[in-house]
Each structure stands twice: as C-alpha cells, then as structure tokens.
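This report goes through a single protein chain, with attention to its salt bridges, one of its helices and its backbone geometry. The sequence and structure come next.

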Amino acid sequence: MTVELRTPRTRIRRKGRPTGPMIALLIVAVGAFAIYRYSATRPAPAVGAQYQPISFEALPGWAASEVAPALAPFALSCAAGNGRLAEEEAWSAPCADVKLILQDGGREAAARAFFRAHFTPVAVSRIEREDRLFGERHVVNDRALITGYFEPVYDGSPTRTAEFSHPVLDLPDGYMSVDLGEFAGSLRGRSIAGVLEEGRLRPIPEREAILAEGLAGAEPLAWMRPVDLLFLQIQGSGRLVFEDGSERRIGYAGKNGKAYTAVGRVLVDRKALTLEETSMQTIRTWLEGNPALADDVMNENASWVFFRELDDLGDPEGGPLGAQGVQLAPRRSLALDRTHLPLGAPVFVAVDGEDADLSDLYIAQDVGGAIRGPLRADLYLGSGPEAGDRAGELRAEARLFALLPHALAADLASAD
C-alpha cells in the first residue's frame with residue numbers, strides 16, 4: 001500500500017506505514033532547509049521565464065477553437081487533492097462556478113463567458129538572461145516544443161518467460177520520495193527518492209543494476225518484452241493484455257531518483273540515428289532490430305519507473321491518472337513543468353504548421369521526466385495504436401498561453 005505523510009506544504013510518499021525513523025527523517029529535512037512557504041498553484045517569476053498578460057482578442061486561434069470540452073477536466077483539477085486549486089483564494093471562484101456551468105449543460109457560449117469572466121491569458125516566453133542592476137530582461141524565444149504521449153496497450157505475462165523477461169515492479173519496501181522544493185524555494189522542482197533503511201534514506205540502484213540483481217521488496221506486477229517495458233516507463237502508464245485475454249491497467253507509482261536520459265539521444269550520439277529521423281517508431285525499430293545491443297543502449301538511461309495497479313479509476317473508459325491524481329482527457333490534458341506553471345491551470349496551445357489541428361485549450365494535469373522549462377509541453381493524445389502513432393511522430397512548435405485568474409496574472413505583470 002502507498003500512503004502519503006502530509007505536513008503543511010510537505011508531501012512524502014512511501015510504501016508501508018509511517019514509522020518513527022521516517023518521522024525523524026522528516027524533522028531532519030526540515031531542520032536542514034529553511035522552510036520557504038510558497039503556493040504550488042502560483043507561478044513564480046524566475047530567471048528563464050517571462051509571463052505577459054494579453055487579451056483574449058490577441059490570443060491566436062482562440063476564436064476558432066472549441067473550449068467547452070475543457071470544462072470537465074478543469075472541474076476535476078479543482079476537486080483534486082494533489083493540486084489544492086479550490087483551496088487557493090484566487091482559484092476558488094472559477095472552481096465554484098465551473099460546477100454551475102457544467103450543471104447547466106456546459107454549452108460553448110457559456111464556457112467562453114466563463115473563461116473570460118475568471119481568467120486572463122498570459123503569454124509564456126523564455127528569457128536568456130536578466131540584468132538585475134538595470135532591470136533588463138532579454139527575451140530569446142516564445143516558441144515552445146510540444147510532443148505527445150499516450151496510454152499504450154502491450155502484451156504481458158504474469159510469469160517470467162524467455163520472451164517476457166523484464167519485470168514491471170511495484171514500489172520497494174521503505175520507498176520514499178521527497179519534494180525538496182516543499183522545504184526550500186531554492187530547491188523548487190528538485191526531488192530525491194530512496195528507500196528507508198535503519199533510519200537513513202538510501203539511494204535506489206540504477207536501471208542496469210535493477211535488471212541484473214533485482215530489488216529487495218519490489219514485487220513484479222507482470223513481465224514484459226524489454227523494449228515494451230522501456231516505452232511503458234517513458235509513457236508512465238498503460239494496459240497489459242495477457243494470453244488468456246485478461247487485462248491489467250497500471251500507472252506510475254514512483255521512480256528511482258536517477259536522471260532520465262533519452263534513448264533517442266543515446267542513439268544519435270552513437271550515430272545509429274540522426275536527430276531528424278528520431279521518433280518513437282524509429283527508436284523502437286532500431287532496438288528491436290539490434291537485440292544484442294538494445295540492453296546496453298537502454299541502460300544508458302539510469303532512470304527506473306515503478307508502477308501500481310489502477311483498480312480504483314472512476315471511469316474505466318477514461319484515461320490513466322496524471323500527476324494531479326485525476327484521469328487524463330484525450331487532447332485536453334497536458335504535461336508541463338510545474339516549477340513554471342501550476343497543475344490545474346488551463347493552457348491554450350497554439351500549434352504551428354501541419355499539427356495545427358492540435359491547437360486547443362488544455363488543462364495542465366501531468367508532469368514528465370523530459371518536460372523541463374517554461375517552453376515545454378507534452379499533449380496527452382489518448383489510448384491505443386492510433387494515438388501512439390500520432391504521439392510518436394509529434395514534435396512541433398507552439399505558443400503557450402496560460403489562463404490564470406485575474407489577480408495572479410496582475411501579480412505576474414507587476415513582478416515583471
């Protein structure tokens with residue numbers, strides 16, 4: 001069982017029951033860092049990012065988009081326990097009113113009026129440097145990189161076989177994940193993970209060691225083909241189908257705390273692929289076509305993802321759970337870097353080029369190991385092969401516009 005021990009602005013996840021040593025570790029952590037209270041639902045102006053309030057009339061693509069389908073995902077974010085939107089004064093009014101709009105049918109005209117009444121669009125851009133002496137900020141770019149992800153469906157086995165040789169592991173005993181930003185603002189966006197042994201938090205081995213030696217206290221939920229497991233860990237959730245036709249849905253539970261290294265980048269560095277031809281499909285083709293080298297390449301990524309069974313989803317036909325603890329909505333949920341924008345925020349994505357059909361209003365409900373910086377977003381495109389094909393090919397430029405409550409947008413404007 002996974003439980004969360006909570007103190008004000010503190011969230012520590014561990015497998016098992018809270019123990020005396022665990023409490024002691026928390027006290028030491030609090031003593032080690034000056035406690036810096038900040039709101040997880042308030043973007044903090046930081047060197048490297050700029051937020052510029054604009055009008056809805058200046059929002060490219062807004063007039064042609066359909067925004068009503070974003071109401072239900074936003075309402076879920078308001079009710080999420082892992083976002084605290086409704087508890088924040090600035091968000092309380094839109095979180096209350098969205099329920100009324102949905103009860104009244106959630107029509108498009110009402111949805112547009114709702115977003116205009118409660119939110120100000122804020123254009124997101126990246127800053128190269130800041131001259132604190134003269135107060136100058138130099139904007140380099142307002143074009144974000146967007147990619148796609150999906151809920152894959154893979155074959156699996158309840159037991160290890162020659163074909164299904166790699167384990168889908170649950171959290172090891174004593175697992176703990178600590179968000180260091182909850183203790184000190186200077187560490188915002190950084191976290192550590194490990195296992196608690198004799199009152200000390202110890203690191204978890206890298207991917208290669210876990211595969212070679214196993215991991216004490218981590219039980220396999222199922223077994224998979226090696227390349228399938230890699231992509232399951234990249235996507236963070238999926239459905240496993242067994243030979244007897246039964247199905248098991250699994251989702252992200254935690255990670256080993258090691259830095260994520262993109263396998264595509266490894267293949268480019270080894271000159272196995274060029275950057276231009278790198279995609280989910282070409283990476284899979286190369287790995288499956290070079291089984292003698294595949295493990296060596298995949299082990300360049302030291303990160304390991306642990307999973308849990310998802311047997312408590314409110315909507316069995318809906319998407320997997322995102323980082324906010326709510327089910328994702330296809331082409332309405334996205335992953336971003338929450339050190340720059342809060343989970344639960346509506347974000348209008350204006351996509352350039354041939355992928356412009358993906359331009360729409362999304363809700364920030366997830367995060368990702370490769371999603372870093374203010375100009376980075378990952379769009380959740382749904383479940384199954386068709387969504388997988390689109391997600392694997394998607395790599396486009398876009399402009400990001402966060403819809404923030406008027407008071408927060410004004411705070412950002414004055415901070416700039």
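## A salt bridge within helix H8

The side chains of Glu288 and Arg284 form a salt bridge, with 2.8 Å from N to O. The model is predicted, and the distance is computed from its coordinates. Both residues belong to helix H8, which spans residues 280–289, and their spacing of 4 residues puts about one helical turn between them. An α-helix has 3.6 residues a turn, so residues three or four places apart point the same way. Side chains of opposite charge can pair when their charged atoms come close. Glu288 is partly exposed, because its relative accessibility is 47%, between the limits of 20% for buried and 50% for exposed.

## The wider salt-bridge network

The pair in H8 is part of a larger arrangement: Asp155, Glu163, Arg225, Asp228, Arg284 and Glu288 are linked in a network of salt bridges. One bridge joins the side chains of Arg225 and Asp228, at 3.6 Å from N to O. Arg225 is partly exposed, with a relative accessibility of 26%, whereas Asp228 is buried, at 7%.

Overall, 22 salt bridges are counted. Another of them is formed by the side chains of Glu57 and Arg116, where N and O are 3.2 Å apart. Glu57 sits in the loop between strand S3 (50–53) and helix H2 (71–79), and Arg116 in helix H4 (residues 108–118), so this bridge ties together parts that are 59 residues apart in sequence. Glu57 is exposed, with a relative accessible area of 62%, while Arg116 is partly exposed, at 40%.

## Helix H6 and Pro226

Helix H6 covers residues 226–235 and is mostly covered, with 8 of its 10 residues buried. The buried residues of H6 are Val227, Asp228, Leu229, Leu230, Phe231, Leu232, Gln233 and Gln235. Asp228 of this helix is also a member of the salt-bridge network. Just after H6 comes Gly236, whose phi is positive, at about 90°.

Pro226 also lies in H6. Its relative accessible area is 22%, and Pro226 is therefore partly exposed. Leaving aside residues up to four places away in sequence, Pro226 touches Glu163, Ser165, His166 and Met298. Of these, Glu163 is named in the salt-bridge network. Pro226 and Glu288 are 62 residues apart in sequence, and their C-alpha atoms are 9.1 Å apart in space.

## Positive phi outside glycine

Most residues other than glycine have a negative phi, and most peptide bonds are trans. Lys271 is not a glycine, yet its phi is positive, at about 65°. Lys271 lies in the loop between helix H7 (263–269) and H8. With 74% relative accessibility, Lys271 counts as exposed.

Arg331, also not a glycine, has a positive phi of about 60°. Its loop runs between strand S15 (305–309) and strand S16 (333–335). Arg331 counts as partly exposed, with a relative accessibility of 33%.

## The chain as a whole

The chain contains 11 helices and 20 strands. Of its 416 residues, 51% are buried. Among contacts in the chain with a separation of 6 or more, 76% are between residues 24 or more positions apart. The exposed area of the chain is about 19,300 Å², of which carbon and sulfur atoms supply 51%.

## Confidence in the model

The mean pLDDT of the chain is 84, and 84% of the residues reach 70 or more. Confidence is highest in strand S17 (residues 346–351), at a mean of 98, and lowest in strand S1 (residues 2–7), at 29.

Residues 1–14 stay under 50 in pLDDT, and the model gives them 56 contacts beyond four places in sequence. Residues 16–40 are also below 50, and this stretch has 46 contacts in the model beyond near neighbours in sequence. Where pLDDT is low, the predicted coordinates should not be read in detail.

Technical notes. Residues are numbered from 1 along each chain as its sequence is written. This is a predicted model: local features need pLDDT of at least 70, side-chain atom pairs count only at pLDDT 80 or more; totals for chains, interfaces and linings use all residues. Side-chain values use heavy atoms; hydrogens and water are left out. pLDDT is the predictor's confidence in each residue, from 0 to 100. Helices (H or I, at least four residues) and strands (E, at least two) are DSSP runs, numbered from the N terminus. Contact means heavy atoms within 4.5 Å. Buried means under 20% relative accessible area, exposed over 50%, partly exposed in between (1.4 Å probe, protein chains only). A salt bridge is a side-chain nitrogen of Lys or Arg within 4 Å of a carboxyl oxygen of Asp or Glu. Accessible areas come from the Shrake-Rupley method with a 1.4 Å probe; for residues, only the protein chains shown count as cover.
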